[in-house]
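User: Please take a close look at one part of this structure, and then follow its connections outward. I am a first-year student, so a step-by-step account would be welcome.

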Amino acid sequence: MTKAPIRNAPGFTVPEPSARPGGTPDFSALNLKAQESVSRPDPACPPQDTHFIANSLIQVLNEEGQAKGPWDPKLSAKTLREGLHLMLKTRAYDDRMLKLQRQGKISFYVKCRGEEAIAIAAGMALHPDDMLFPAYRQQGLLFARGRDMIDMMCHCLSNARDNLKGRQLPVHYTWEEGRFFSISGNLGTQYPQAVGWAMASAARGEDTVTASWVGDGTTAEGDFHSACTLASVYQAPVILNVVNNQWAISSFSGIAGGQSATFAARGIGYGLATLRVDGNDFLAVYAATQWAAERARSGNGPTMIESVTYRADAHSTSDDPSRYRPKNEADAWPLGDPVERLKDHLIALGEWDEKRQTALIEALNKEVLASYKKAESFGTLRDGPLSPVPSIFEDVFAEQPWHLRRQRQDLGV
Amino acid sequence: MSTTARMTMIQAINSAHDVLMERDDRVCSFGEDAGYFGGVFGCTQGLQEKYGKTRVFDTPINEAAIIAMAIGMAANGMRPIAEIQFADYIFPGFDQVVSELTRLRYRTAGQYTAPLVLRTPCGGGIYGGQTHSMSPEAFFTHIPGLTILMPSNPYDAKGLLIAASESDDPVLIFEPKRLYNGPFDGDPHKPALGWSSHDQGLVPTGHYTVPIGKADIVRAGAALTVVAYGTMVHVALESARLAGIDAEIIDLRTLIPYDMETIAKSVNKTGRCVVLHEAPRTSGFGAELIAQIQEECFYALEAPVKRVTGWDTPYPHAHEWQYFPGQERVTRAMTETLEA
């Protein structure tokens, strides 16, 4: 008896990025064609009317720096300049904090270079009383909400003025006053929590929106799918953002399943409204966030937004990307740099020039440095002063129980 | 004066929800099958009809989602009471408990808190097999920041649930499902008893609390101390009665923060102690209790502290009563401790 020939041998695939160190960057598989003609459905539309966008790309700024198409949010020059200012401020802050980590002043840092538009545009498009459940690369939200830079630095220095009492790794901010939730180091845990928060707001009849962010890598976590299920079932006023920056430490987006479908398309199966947007286009991110916020605020349910971008720097200060991706990959990124693109747009409008740009960057660098001097005067992790040692045992419970009291005494404090 | 009624543990838990929801708009309740149907054990029956679908509702079958949603709601001013259908099912939500719920106050230095209650039926004795019989409390007692309760009767079940919901900390309540409809003394061959003739089946219909962190001495005695919680409280009582041992039996009620003052006072008096739990032995909660007892009571002890527990195996289905630490094992441990 002869066996039938095996046509497709069983096996499995481990996805590989288009290029490794020494190779030539190639983003042709990502479907990043300029799509300024993507129509803009009514924000109250059925979710299905948005699903085509999950496989397209909303873009407003074209290569000539002009704002085009139905998604143009038609922002004033003042608002655009504010956006540019905030993105540059974020960048100046990041650059200084990286230097400080290299000097041993802070223990750890995470930059968001190349992704500034995502947090800044969303932060500006949302209302001040909307609630934010960010991941660790949305520090721009804090700037958009006007947080004091010295306070942010004091947190990163883990000093006596750190509003988290030195309990969190740097960049894991919390800012209750700015409606900015606690950043967890465990990925994606905030996503379903955000839906719960949104449900509580809705139960009280408030018209606030809750927004959360995860990266492309985190879409593989169960909590991502928990959030999608909850948002879908309860139609909560929530915006679920996926920041697809192509890399999760050393794993490219294909390891999260990004080659099989877009991340926005994850939302289709859950019946969410789905938008896929050029994340390096300030105007496109602003417009998409505004659309989703209007939809949620008017009781029309949740939206998933994939912002396509590129992590132009290392994952964190503990990472060396030259070991797993081409060195020049960021320069080859087809969607450019968000700061440059907004600057070019303002210049094209006649509302900005290179001289003002240089002066602004200089002023921001000075502001950041002066803020650091001030922050450092409140202490550093290395030299103190830190929060009082007994604070180790505080805030575990509302009231300190006997066993923690004894352990505090054991430590002699 | 507040009126009382005869209640099962299920009715007492239901009554606690009712009292809480009546008094406080922030209290809401949800879980798998916990809305329209009122829960697989009926603990939330009738509440959706009374309080509406946005306060009492069904959830998807996703314990991580249930706990995360409860965290978000609690942080945003609600007082959720979430049901995890069986304690055995809680593990998909473990990360939300370990890394999120119990650390929120700490890592935000008090800016955000999540005062919520998780309720979950635990323990064996109902032929539930390995996935409907677990007593997983030890996994949770190891987590800083979590209050953990286990009532052994309707009165405590209601009073503790109300206290839990009014607490500013997250609270996990394990409810021994074998006790839901009646006390169980460990003898599976006796006809099942209801709560109707039991002292603690008489429950105030209104608001009251049982204090968190306080154990209950359910039998005063001089010969030895038995520390137990949940179903094992009833097994201890009956074992002592049958063997004629003058045991002091402590119903712990709160596992974290446990009432060491009451335990130490008793052990220092009796000089002998047996610790009971249904959960497996190795690294069980009994290990913590015994370590603390020897630290505080070593010079008063006249015998090694013994523990009677479930075996270090999964909970078997067919051999449930060889697994369950019943009267024979408890009596033997008490006798050996007295004779040592």
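Analyst: **Chain B and its contact with chain A**

In this predicted model, the centres of domain 1 and domain 2 of chain B, taken over C-alpha atoms, are 25 Å apart. Domain 1 of chain B covers residues 4-204, and domain 2 of chain B covers residues 216-339. To their contact, domain 1 of chain B contributes 31 residues and domain 2 of chain B contributes 28 residues. On the side of domain 1 of chain B that touches domain 2 of chain B, the elements giving two or more residues are α6 (137-141), β6 (147-149), α7 (154-166) and β7 (171-176) of chain B. That side of domain 1 of chain B is made up of 15 nonpolar, eleven polar and five charged residues.

One of these elements, α7(B), also leads to another helix. Helix α1 (residues 9-23) of chain B packs with α7(B) at an angle of about 30°, and their axes are 8 Å apart. Angles under 35 degrees count as roughly parallel, and α1(B) and α7(B) are therefore roughly parallel to each other. Their crossing is right-handed. From α1(B), the contact draws on B:Met9, B:Ala12, B:Ile13, B:Ser15, B:Ala16, B:Val19 and B:Leu20, while α7(B) supplies B:Pro154, B:Ala157, B:Lys158, B:Leu161, B:Ile162 and B:Ser165. Sorted by class, the residues in this contact of α1(B) with α7(B) are ten nonpolar, two polar and one charged.

The account now turns to the contact between the chains. Chain A gives 35 residues to it, and chain B gives 35 residues. On the side of chain A that touches chain B, two or more residues come from each of α5, α6 (222-234) and α12 of chain A. Among the elements on that side, α5(A) gives the most, with ten residues. The class counts for the side of chain A that touches chain B are 16 nonpolar, 14 polar and five charged residues.

Across this contact, α5(A) meets helix α3 (residues 63-75) of chain B: the axes come within 6 Å and cross at roughly 50°. That angle makes α5(A) oblique to α3(B). The crossing of α5(A) and α3(B) is right-handed. The residues of α5(A) that take part are A:Pro192, A:Gln193, A:Ala194, A:Val195, A:Gly196, A:Trp197, A:Met199 and A:Ala200, and those of α3(B) are B:Ala64, B:Ala65, B:Ala68, B:Met69, B:Ala70, B:Ile71, B:Gly72, B:Met73 and B:Ala75. The contact of α5(A) with α3(B) holds 14 nonpolar, three polar and no charged residues.

B:Met73 allows a view at the level of a single residue. It is located in helix α3 of chain B. A residue is buried if 20 or more other C-beta atoms lie within 10 Å of its own; B:Met73 has 27 and is therefore buried. Apart from neighbours within four places in sequence, the contacts of B:Met73 are A:Gly196, A:Trp197, A:Met199, A:Ala200, B:Met78 and B:Pro80. By contrast, B:Leu252 is 30 Å from B:Met73 in space, C-alpha to C-alpha, and 179 residues from it in sequence.

Some details of the backbone complete the picture. Most residues other than glycine have a negative phi, and most peptide bonds are trans. A:Val171, although not a glycine, has a positive phi of about 75°. A:Val171 is found in the loop between α4 (149-157) and α5 (190-203) of chain A, and it is buried, with 23 other C-beta atoms within 10 Å. A:Gln246 has a positive phi as well, near 80°. Its place is the loop between β3 (238-244) and β4 (247-248) of chain A, where A:Gln246 is buried, with 24 other C-beta atoms within 10 Å.

There are cis peptide bonds to note in each chain. In chain B, such a bond joins B:Ile256 and B:Pro257, with omega about -5°, and B:Pro257 belongs to the loop between β12 (254-256) and α9 (260-270) of chain B. In chain A, a cis peptide bond joins A:Gly384 and A:Pro385, with omega about -5°. A:Pro385 is in the loop between α11 (354-376) and α12 (402-411) of chain A. Chain A is assigned domain 1 (34-382) and domain 2 (389-413), and the C-alpha centres of these two domains of chain A are separated by 37 Å.

Technical notes
Residues are numbered from 1 along each chain as its sequence is written. Chains are lettered from A and ligands numbered from 1 in the order in which they are written. This is a predicted model: local features need pLDDT of at least 70, side-chain atom pairs count only at pLDDT 80 or more; totals for chains, interfaces and linings use all residues. Domain bounds come from an automatic or database domain assignment. Two residues are in contact if their C-beta atoms, placed from the backbone, lie within 7 Å. Helices (H or I, at least four residues) and strands (E, at least two) are DSSP runs, numbered from the N terminus. Ala, Val, Leu, Ile, Met, Phe, Trp, Tyr, Cys and Pro count as nonpolar, Asp, Glu, Lys and Arg as charged, and the others, Gly among them, as polar. A residue is buried if 20 or more other C-beta atoms lie within 10 Å of its own, exposed if 12 or fewer, and partly exposed in between; C-beta atoms are placed from the backbone. Axes are lines fitted to C-alpha atoms, for helices over the stretch in contact, and angles run from 0 to 180 degrees between N-to-C directions. Angles under 35 degrees count as roughly parallel, over 145 as roughly antiparallel, 65 to 115 as roughly perpendicular and the rest as oblique. A crossing is left-handed if the near helix is turned anticlockwise from the far one by less than a right angle, and right-handed if clockwise.
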